[in-house]
Structure formats: structure tokens, C-alpha cells
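Colleague: I've got this model open on my screen and would like to talk it through. Can you show it here first?

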Amino acid sequence: METPGLVVHGEAAPFSTALRSLLNNPQYSDVCFLVGQERQEVFAHRCLLACRCNFFQRLLGPKLGSGMPSPVVLSTVPAEAFLAVLEFLYTNSVRLHRHSVLEVLTAAIEYGLEELRELCLEFVVKVLDVELVCEALQVAVTFGLGPLQEHCIAFIEAHSQEALRTRGFLELSAPALLSLLRSDKLRVDEAELVLAARSWARVGAVEQIVEAWKCHALRRGDVARGAPCRRRRGTLPREHHCFLDLPFK
């Protein structure tokens with residue numbers, strides 16, 4: 001009786017290098033993507049993408065036919081993030097950058113790439129800073145990433161004044177802002193928090209911030225209309241009471 005064969009492995013590095021050379025290489029490619037707002041051309045290989053990712057298996061299925069199909073438009077993902085996704089699919093490794101990791105994370109979630117998602121989450125936690133934290137919080141709230149959301153809120157609690165002055169804070173959605181206002185550990189005076197919330201309202205919709213703030217006031221036990229929320233560091237000044245007195249929609 002013949003014994004089972006033994007699987008032996010060659011060196012991984014040359015194999016990875018060879019596959020990396022195919023990344024965005026028009027030679028031998030059989031699919032072209034037009035990626036991002038600029039519609040940047042990105043070349044790839046259908047069989048490799050299909051065997052590595054169910055999203056691309058569905059996207060690049062038999063309906064495209066044989067030969068070089070028409071370009072596939074992916075306008076919502078930035079080119080840099082998409083190339084990072086392809087790098088991972090081709091080589092099972094990826095070079096991440098602080099300025100684009102949240103976009104790569106978003107793409108990994110949308111394409112169902114669990115391993116890449118975890119790599120991105122680990123990287124975000126390592127590089128998290130004041131400028132990045134509100135953007136990371138928004139991604140966490142959008143996709144229900146509980147541990148990342150908790151980590152971001154804890155970071156903002158420790159760096160409240162700096163975080164509230166960032167562009168990322170002004171661009172938070174109402175649900176993301178509400179998740180932050182639920183915290184009673186923000187190291188900021190009530191007046192500063194109101195001013196930050198008003199700045200947010202000027203960027204977004206004022207009725208959303210009123211609702212978020214009212215929920216925060218009720219949670220703190222300040223149920224009387226116009227009563228300030230009591231916090232460890234000061235109270236809401238009288239001139240800001242009108243912020244709570246705005247009618248609900």
C-alpha cells in the first residue's frame with residue numbers, strides 16, 4: 001500500500017515577490033477597474049481576485065464573459081485604499097499608512113475581508129492620535145465596531161479639549177456624537193462642550209444636535225427644561241440655556 005505523500009514547502013518570500021509583481025500590472029491582466037472619484041485605472045486578474053474574495057467572485061462572475069471585459073467602476077473607494085486591498089489579496093500582506101488606514105478598513109469591511117479588517121483595526125489602535133480619533137470613532141459607529149468605538153471614546157475622554165477642536169469632530173454623524181455625549185468622563189467644561197456642539201451644528205443639522213444634547217441632559221438627570229447638565233467641572237452658563245430650550249422636531 002502506497003503511503004500518503006508528504007507536503008513540502010518552498011520559500012515563501014520569492015512566491016510573494018512574484019505575485020507582488022503582478023499587482024496593477026496590465027501584462028496578463030484580464031480586468032480593469034476605474035477606481036475613486038478620479039476613475040484611476042487599476043489592472044488585476046479575475047481568477048486571483050475571485051478565489052481570494054467572495055465579493056469579487058460575485059462581481060467578476062460569468063456574466064462578464066471571456067476576454068477583457070469593459071472596465072468595472074468602483075467610485076466609492078479611493079485608489080490608494082483599493083490598491084492596498086489588492087496588495088493583501090495578492091500577497092497576504094499589506095503596507096498600511098495612518099492617513100489611509102480607515103479607508104482600507106472600510107473597504108475590507110465592505111468586501112468581507114475579515115483578516116484584513118483585523119489587521120487594520122490593530123494598526124488603527126497603534127497609531128490613534130488626536131487628529132485621527134474622531135474619524136475612527138465615526139467608522140466604528142457606522143460599522144458597529146464596538147471595541148474600536150470604546151477605545152476611541154476612552155482616548156477622547158483623555159484628550160477632550162484637543163479632540164473637540166478637530167475637523168473630524170465637526171464631521172461626526174449624530175449617532176457618533178451621541179455615543180460621545182453619553183460619556184460622563186469628558187475632561188472639558190460644560191460651556192466648552194456646548195460651544196463645540198454648536199460648531200458641529202453649524203456643519204450639520206441643528207435639530208440633530210438638540211436631540212443628542214437633550215438625551216445627554218436627561219441621562220444626567222437634568223429633566224427640567226432649560227436646567228444645566230451638572231458635570232464635575234462647571235455648569236452650563238445661563239446664556240447657553242437657550243440651546244436646550246430649542247423645540248424638538
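What follows is a short chat about the core, the sheet and a helix pair.

Modeller: Quick ground rules: this is a predicted model, so local features need pLDDT of at least 70, side-chain atom pairs count only at pLDDT 80 or more, and totals for chains, interfaces and linings use all residues. Residues are numbered from 1 along each chain as its sequence is written, and side-chain values use heavy atoms, with hydrogens and water left out.

Colleague: Which helix gives the largest share of the largest nonpolar core?

Modeller: That core (buried Ala, Val, Leu, Ile, Met, Phe, Trp, Tyr and Cys joined through side-chain atoms within 4.5 Å; buried is under 20% relative accessible area, 1.4 Å probe, protein chains only) has 68 residues. Phe33, Phe82, Tyr111 and Phe169 have the most contacts inside it. The largest share, 9 residues, comes from helix 4 (residues 79-91; helices are DSSP H or I runs of at least four residues, strands E runs of at least two, numbered from the N terminus).

Colleague: Which strands stand at the edges of the sheet?

Modeller: Three strands form an open, mixed sheet in the order 2-1-3, where pairing takes at least two DSSP bridges. Each edge strand has a single partner, so one side of each is left without a neighbour in the sheet: these are strand 2 (40-44) and strand 3 (72-74).

Colleague: How many bridges join strand 1 to strand 2?

Modeller: Strand 1 covers residues 31-35 and runs antiparallel to strand 2. One bridge pairs Val35 with Gln40 of strand 2. The number joining the two strands is 5.

Note on methods
Buried means under 20% relative accessible area, exposed over 50%, partly exposed in between (1.4 Å probe, protein chains only).
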